[in-house]
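Okay, everyone, let's get going. Have a look at what's on the screen, and I'll talk you through a few helices.

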Amino acid sequence: MFKMVSSPHTHSGKLTMRIMLWVILAMLPAICAQLYYFGFGVLIQASLAISFALLLEWGVTLLRKKPALCYISDFSVTLTALILAVAIPPYAPYWLILIGIFCAVILGKHVYGGLGQNLFNPAMVGYVVLLISFPLQMTTWLPPASLLNEPPTIADAYHLIFTGFSTDGFSLHQLTTSVDGITQATPLDSAKVVLKEGEYQHLLASPIFASHLAIGWWQINLAFLLGGIFLIWKRIIHWQIPIAMLSTFIFFAGITELLYPAQHLKMVAHLFSGAMMFGAFFIATDPVTASITPRGKLVFGGLVGLLTYIIRFHGNYPDGVAFAVLLGNICVPLIDHYTRPRVAGYRK
């Protein structure tokens, strides 16, 4: 007797574990770039995040009486932890990443029933909680290592994260003010503050900016772009969401640049600053929380791009990708409902 199962009977062969590993592999060039420009704190944050995430996943699955090894071995929680670790400042205090991972794994994932049932991108849930609750810690970035007289060593990174001081006794605030004060936050945050005062030339005079592009940030975004293209080539993600998101943002940012050239960063600078490429290829394309229909992916990507533009150019937060993705996740059921492919032979 054959076992009776419901259709479809074919399988693509794309196991969850394999997909997650390909995404992690595609992130490695950007992580290496972030390590080169911002120091060893990236590795420490990633180690903390992954270790705590695996511990939480193991504990929750045991409480839910699920096979813990099966849940851990699909690498979904590892990828969530890695995304959040890359998104926060490399030298943020250790408790920050622990709180973020707790919110991502518990509130963003398991409170809905686990992988495949969560409504929101778990990593962005953790990131937004941190950004709203601890704005100072979440916007305190060291300048790129090339602008520092003495870049932090791995021992400095460890002490900064766990004690708040380097091995020489300098606090993170003292290290950030060792270069022009505009570099102590993300370039988008600094630009928003400076441009509100009408000091566009002062912004370009900052050592972190070169040809309208922020040193370190555009290289990392370029690495995420190449990693995203690799994922599209491997058919791990679909092209519709990133293309729609970036095209929508370019359209509105380009119009704004033409109308108000000295009141905002250049459109190209926006594309290669903050989490734009990271969000377009690695966050918005989450297969669980994004739209699943071909037309729906275009609508969802366009919506995320539009919301990112609105928040960056007209909101109080400098980046906006995380908020845009979560707001887009809310609209996914509605988008999928109205963009479902018509069944052959069916008429409305």
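So, H4 and H6 cross in a right-handed way. Keep in mind that this is a predicted model. H4 covers residues 76-87 and H6 covers residues 122-133, and their axes come within 8 Å, crossing at roughly 35°. Who meets whom here? From H4 you've got Thr80, Ile83, Leu84 and Ala87, and on the H6 side they meet Pro122, Ala123, Met124, Gly126 and Tyr127. If you sort that contact by class, you get seven nonpolar residues, two polar ones and no charged ones.

Now scroll back to H1, residues 16-38. With its 23 residues, H1 spans 31 Å from first C-alpha to last, which is close to the 33 Å you'd expect at 1.5 Å a residue. Where does H1 kink? Look at Leu28: there's a kink of about 35° there, shortly before the proline Pro29. Plenty of H1 is buried, including Met20, Val23, Ile24, Tyr37 and Phe38. And what do the buried residues of H1 pack against? That would be H2 (41-63), our friend H4, H12 (217-233) and H15 (276-283). Right after H1 comes Gly39, and its phi is positive, near 95°.

Last stop: Leu55, over in helix H2. Buried or exposed, what do you reckon for Leu55? Leu55 counts as exposed, because its relative accessibility is 53% and the cut-off for exposed is over 50%. One more thing about Leu55: Ile72 is 17 residues away from it in sequence, and the two C-alphas sit 9.3 Å apart in space.

That's me done, thanks!

Conventions:
Residues numbered from 1 in each chain as written. Predicted model: local features only at pLDDT ≥ 70, side-chain atom pairs only at ≥ 80, totals over all residues. Heavy atoms only, no water. Axes fitted to C-alpha atoms, helices over the stretch in contact; angles between N-to-C directions. Helix = DSSP H or I, 4+ residues; strand = E, 2+ residues; numbered from the N terminus. Left-handed = near helix turned anticlockwise from the far one by under 90°. Contact = heavy atoms within 4.5 Å. Nonpolar A, V, L, I, M, F, W, Y, C, P; charged D, E, K, R; others polar. Expected span 1.5 Å × (residues − 1). Bend = angle between axes of the 7 residues up to and from the residue. Buried < 20%, exposed > 50% of the residue type's maximum accessible area, 1.4 Å probe, protein only.
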